[in-house]
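This briefing gives a formal account of a two-chain structure for the bench biochemist. The topics are the individual chains, the contact between them, helix packing and selected backbone features.

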Amino acid sequence: MDISQLVFYLFAGVAVASGVLMITRKNPVYSAMYLVLTLFSVAAIYVLLDAHFLAALQIVIYAGAILVLFLFVIMLLNLGHDFVPDLRGKFWWFVGIGLGLVLFAELFVLARNAPEASGPDVLAPLLRSQGAVGAVAEPLFENYVVAVEVTGVLLLVAMVGAVVIAKRKV
Amino acid sequence: MLIDFSNHLDYLWALLPETVLTAGALILLMYDGFARRRSSDSRAVGWGSLVVLSLAIVANIWLMGVEEASRTGMVAIDGYRIFTNFLFLGAAALVVFISFDYTTREGMTQGEFYALLLFAVVGMMLLAGSRDLILIFLGFELMSIAVYVLVGFNRRDPRSAEAALKYFLLGAFSSAFLLYGMAMLYGASGTTNLGIMRGLFDAGRLSIVAIAGIALLAIGFGFKVSAVPFHVWTPDAYEGAPTPITAFLAAAIKASAFAAFIRIFVVALGDLHEYWEGIIWVLAMLTMIVPNVIALVQDNIKRLLAYSSIAHAGYLLVALIAANESGMASFLFYLVAYTAMIVGAFAIVLALAGKGDERQRLSDYAGLGWTHPWAAAVLSIFLVSLAGLPPTAGFIGKFYILQAAVEADYIDLSVVLVVTTLISYWYYLRVIVSMYMKPCVAEIGRVPWGAALRAVLVVCVAITVYLGILPSWPLLKARQSVEGLVPVAEQVADVRP
């Protein structure tokens, strides 16, 4: 096991553990904090994959901007005082555990049938020739330019929709 | 003109109708931002949206003369896309027409209504015309987000908010299924392009990842086209939404989801027919039987039409599973017929409901044949057509679907289709009986029939009757549009035991 594998398992473990902690905390502020930790660990895994630019984006956008938004919403809604458990009664606990087991079995089957790591490393030469930003930007604005434009329209529609629903005298 | 997708600028030409619609919707939004909140301004935006829609139709006609160099671009330029584009644009125009009076009556005079409607149409056209999973998903979301807002547009009405919330939650949930399915197909094939994907899957030995992807996609699409058992959101969403939007939901949105369903399953995964026919068979069976039975006891006309719309999704699933050219041609034909009759029926419901959408119960329709003979007669035509009685479009549509199913050797589904159609006569005819043979309970009084609404009714009746009497030319067009789309019809016949 070389050092990069060790680093991978370290960050993957932290990501999974803080993911679990995030959904089990009762205080939403703690949940948000654990989400930051998860996102940071995933960013570290991006670095291991030589996707430095993606890692930077991950930290700036998700761990930075979006998380601040979450905290604002939690603060404004004044959440985190009274809790009602989602699972009431034993029956639903069993249903939940059963569903979890099914998902776990699916994961197991998928992992067993996952294709082997494919051939030579294609990413490294690409990164050398184009740099980390170019490797992201070029497909984004050439092959997937239509998808990028449609995403722009999609975000605009979501914004217009939010304004229509929220900012109107009834 | 020849489009070569290796030159990325050519996408602009290939997407001309969508571009026109988006630009028009943006201009309308800008105009609305500076307009005052009056009903005349809202009407101006409505007329503007009709202009934009007709420009897009012109662009779509221009697209008919365009050739594509290869069949692997992100966007398809084929008869299927052009046909469905016409359908969506036409349906949207009908919905805009019936919205004029409704928005004034219910005080929903925000111009965003029409802009969002246009954006939803952009989403639908991308959905039906894309050959790439990423674009299909983005089209889905674009359409859905615009429609979630439209369903909840009437904020004075708590039913509208409830419908929007239910539709939003289940829609987001089903999008996750779709996305997982697409991710797995991508993982199994290494491409998101449907044209390339087709050649990569080997029907003999398919990886379990691909099978999981197909299953998840089927579930996601099941939600989107409201197939049983994923239909529970439909009656609530249809009942609570503003009535023009209900017509839009029932006609265009279901049609676009089905169009993408067919493009992915029949065109891209056509060689894997044996893998997905089982799940679609069950969906089709349940979707024909369950809603037709539940509809028997419905007392609210909008809910009744909602269940009828679910049942029609079942009939369309039969056309899908047949996976041959007749199936797809009958699918397109049925969509046109269904759009005309369901929009027409909802237009009548909308006008009769009166301010605040009060009159929606079947008992409100008692005696309508004598107090409002024209409305009752026109509604009867649509109901008869939905039921599938000759000489209407519904009969011919069902006939061709049956033919396609028998051609593909699905005798069991054909029998169920016929039997459930017979069951459905009961609840369609119940409305007609109550209109003509029951005494009037509560006087409806004068109903304002605006010119736009009358025009829509005339168009819908004309299409319904025309397709029922002279179906050969439209069917020929439908058949020409799907030509070459499914080179699998023969192979499927070999694969089936």
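Helices, meaning DSSP runs of H or I with at least four residues, are numbered from the N terminus. On that numbering, A:Asp50 sits in the loop that connects helix H2 (28-48) to helix H3 (52-77) of chain A. The model is predicted. Chain A contains 6 helices and 0 strands, and a central topic below is its contact with chain B, to which chain A contributes 20 residues and chain B 28 residues.

**Chain A overall**

- The order of elements in chain A, read from the N terminus, is α-α-α-α-α-α.
- Of the 170 residues in chain A, 10% are buried.
- Among contacts in chain A with a separation of 6 or more, 51% are between residues 24 or more positions apart.
- A:Asp50 is partly exposed, because 17 other C-beta atoms lie within 10 Å, a count between the limit of 12 or fewer for exposed residues and that of 20 or more for buried ones.
- A:Asp50 and A:Met75 are 25 residues apart along the chain, and their C-alpha atoms are separated by 37 Å.

**Contact between chains A and B**

- The contact draws 20 residues from chain A and 28 residues from chain B.
- On the side of chain A that touches chain B, helix H4 (89-113) and helix H6 (145-166) of chain A each supply at least two residues.
- H6(A) gives the most to this side of chain A, with 13 residues.
- By class, the residues on the side of chain A that touches chain B are 15 nonpolar, 3 polar and 2 charged.

**Helix H6 of chain A**

- H6(A) has 22 residues and spans 32 Å from its first C-alpha to its last, close to the 32 Å expected at 1.5 Å a residue.
- The buried residues in H6(A) include A:Val146, A:Ala147, A:Val150, A:Val153, A:Leu154, A:Val157 and A:Gly161.
- Viewed down the axis of H6(A), the buried residues occupy an arc of 120 degrees, so they line one face of the helix.
- These buried residues of H6(A) pack against four helices of chain B, namely helix H1 (10-14), helix H2 (16-34), helix H5 (112-129) and helix H6 (133-151).
- Turned away from the buried side of H6(A) is a face that carries the exposed residues A:Val148, A:Gly152, A:Leu155, A:Met159, A:Ala162 and A:Ala166.

**Helix packing in chain B**

- Helix H4 (residues 79-106) and helix H14 (residues 325-353) of chain B pack at an angle of about 5 degrees, with their axes 11 Å apart.
- H4(B) and H14(B) are therefore roughly parallel to each other, since angles under 35 degrees count as such.
- From H4(B), this contact involves B:Phe83, B:Leu87, B:Ala91, B:Leu94, B:Val95, B:Ile98 and B:Tyr102, and from H14(B) it involves B:Leu332, B:Leu335, B:Val336, B:Thr339, B:Val343, B:Ala347 and B:Leu350.
- The contact of H4(B) with H14(B) comprises 13 nonpolar, 1 polar and no charged residues.
- Helix H3 (residues 39-63) of chain B and H4(B) cross at roughly 170 degrees, and their axes come within 10 Å.
- H3(B) and H4(B) are therefore roughly antiparallel to each other, since the corresponding limit is an angle over 145 degrees.
- Residues of H3(B) in this contact include B:Ser39, B:Arg43, B:Leu50 and B:Leu53, while those of H4(B) include B:Ile82, B:Phe86, B:Leu89 and B:Phe100.
- By class, the contact of H3(B) with H4(B) has 12 nonpolar, 9 polar and 1 charged residues.

**Backbone features in loops of chain B**

- B:Val228 and B:Pro229 are joined by a cis peptide bond with omega of about 5 degrees, and B:Pro229 lies in the loop between helix H9 (208-224) and helix H10 (233-240) of chain B.
- A cis peptide bond also runs from B:Pro390 to B:Pro391, with omega near 0 degrees, and B:Pro391 is placed in the loop between helix H16 (373-387) and helix H17 (393-407) of chain B.
- B:Ala323 is not a glycine, yet its phi is positive at about 55 degrees.
- B:Ala323 lies in the loop between helix H13 (301-322) and H14 of chain B, and it is buried, with 27 other C-beta atoms within 10 Å.
- B:Asp409, likewise not a glycine, has a positive phi of about 75 degrees.
- B:Asp409 lies in the loop between H17 and helix H18 (411-437) of chain B, and it is partly exposed, with 13 other C-beta atoms within 10 Å.

Methods:
Residues are numbered from 1 along each chain as its sequence is written. Chains are lettered from A and ligands numbered from 1 in the order in which they are written. This is a predicted model: local features need pLDDT of at least 70, side-chain atom pairs count only at pLDDT 80 or more; totals for chains, interfaces and linings use all residues. Two residues are in contact if their C-beta atoms, placed from the backbone, lie within 7 Å. Ala, Val, Leu, Ile, Met, Phe, Trp, Tyr, Cys and Pro count as nonpolar, Asp, Glu, Lys and Arg as charged, and the others, Gly among them, as polar. Axes are lines fitted to C-alpha atoms, for helices over the stretch in contact, and angles run from 0 to 180 degrees between N-to-C directions. Angles under 35 degrees count as roughly parallel, over 145 as roughly antiparallel, 65 to 115 as roughly perpendicular and the rest as oblique. The expected span of a helix is 1.5 Å times one less than its number of residues. The arc is that of the directions from the helix axis to the C-beta atoms.
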